[in-house]
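Here is a short briefing to read alongside the sequence and the coordinates. Have the viewer open, and we can walk through the structure together.

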Amino acid sequence: MQFDILTIFPKIIEDYAGESILKRGVAAGIIKIVAHDFRKFTTDKHHKVDDSPYGGGAGMVLKVDPIYNCLESLGLVKDGKKKKQAGTKIIIMDPAGKKFDQKKAKQFSKLKKLVVICGRYEGFDERVYKFVDEKISIGDYVLSGGELGAMVVTEATARLLPGVLGNEESLKEETFESKEKMGIAEYPHYTRPSGNHKKIYEWRIKKSR
Ligand code: SAM
């Protein structure tokens, strides 16, 4: 599965994707994570990605053109329209969007490609939303940019893909899996159990309840 992340801070994405589980998933060829700096798609000499809001108001707004040009370079838009592509979804990080959860991560994990657009400043020129399938929020608070959210979505999705985690068994007992099956959260963990597996299992269920 490929994750294309549009941002003006590609290093944030590359650094996080270069460690731990995501790094392993990339090395194993199961996932590909590419950060696209949409500042490179500006056409003015100062490489400006933002502008003041039309009609006034506080802060700056991300312009539509650099984001459109970046999406065009990825073959996702053409002639001012979004191109339909099976297995591809374009999401935009937005605190007013749909709340991201494990169910969404599962849905995304069925895709071939997830494109994530990260905002900054006051957010996006409204015209950007025309090229997007879904607005996604990672929680009811406001961050300064979409990069952390993009990494939350990428990691939660990628770890559901077979082979990304070292031990697939750990997926089965995780909080949201056990909530789905038994309506309870995952049990507490300790190192060095006693070795009595039946007792451990009974204790875990009791603690989960
Ligand atoms: N003016 C916007 C508002 O009030 O909704 C907030 C903009 S925020 C400072 C800048 C960018 O950070 C957003 O465009 C979005 O991409 C990202 N962001 C901030 N909080 C987020 C959240 N909870 N979930 C997803 N993205 C978020």
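**Cores, domains and a surface patch**

The largest nonpolar core holds 30 residues, and Ile5 and Leu114 have the most contacts inside it. Please keep in mind that this is a predicted model.

**The largest core**
- Strands S1 (2-7), S2 (32-37), S7 (88-99) and S8 (113-117) each give two or more residues to this core, as do helices H1 (10-17), H2 (20-27), H4 (102-108) and H5.
- Helix H5 supplies the largest share of the core, with five residues.
- Nonpolar side chains tend to be buried together in soluble globular proteins.

**Around Leu114**
- Setting aside neighbours within four places in sequence, Leu114 is in contact with Met1, Gln2, Phe3 and Asp4, and also with Lys89, Ile91, Phe108 and Val153.

**A second core**
- Separate from the largest core is a second one of 21 residues, which includes Leu6, Ile90, Val115 and Val128.

**Domains**
- The domain assignment splits the chain into domain 1 (2-158) and domain 2 (168-208).
- Taken over C-alpha atoms, the centres of domain 1 and domain 2 are separated by 35 Å.

**On the surface**
- Tyr141, Leu143 and Leu148 make a nonpolar surface patch of about 300 Å².
- Tyr141 lies in the loop between strand S9 (134-137) and helix H5 (147-158).
- Is Tyr141 buried or exposed? Tyr141 counts as partly exposed because its relative accessible area is 43%, between the 20% limit for buried and the 50% limit for exposed.

Conventions: Residues are numbered from 1 along each chain as its sequence is written. This is a predicted model: local features need pLDDT of at least 70, side-chain atom pairs count only at pLDDT 80 or more; totals for chains, interfaces and linings use all residues. Side-chain values use heavy atoms; hydrogens and water are left out. Patches are made of residues with over 30% relative accessible area and no salt bridge: like charges are joined within 9 Å, nonpolar side chains (Val, Leu, Ile, Met, Phe, Trp, Tyr) within 5 Å. Accessible areas come from the Shrake-Rupley method with a 1.4 Å probe; for residues, only the protein chains shown count as cover. A salt bridge is a side-chain nitrogen of Lys or Arg within 4 Å of a carboxyl oxygen of Asp or Glu. Helices (H or I, at least four residues) and strands (E, at least two) are DSSP runs, numbered from the N terminus. Buried means under 20% relative accessible area, exposed over 50%, partly exposed in between (1.4 Å probe, protein chains only). Domain bounds come from an automatic or database domain assignment. A nonpolar core is a set of buried Ala, Val, Leu, Ile, Met, Phe, Trp, Tyr and Cys residues joined through side-chain atoms within 4.5 Å. Contact means heavy atoms within 4.5 Å.
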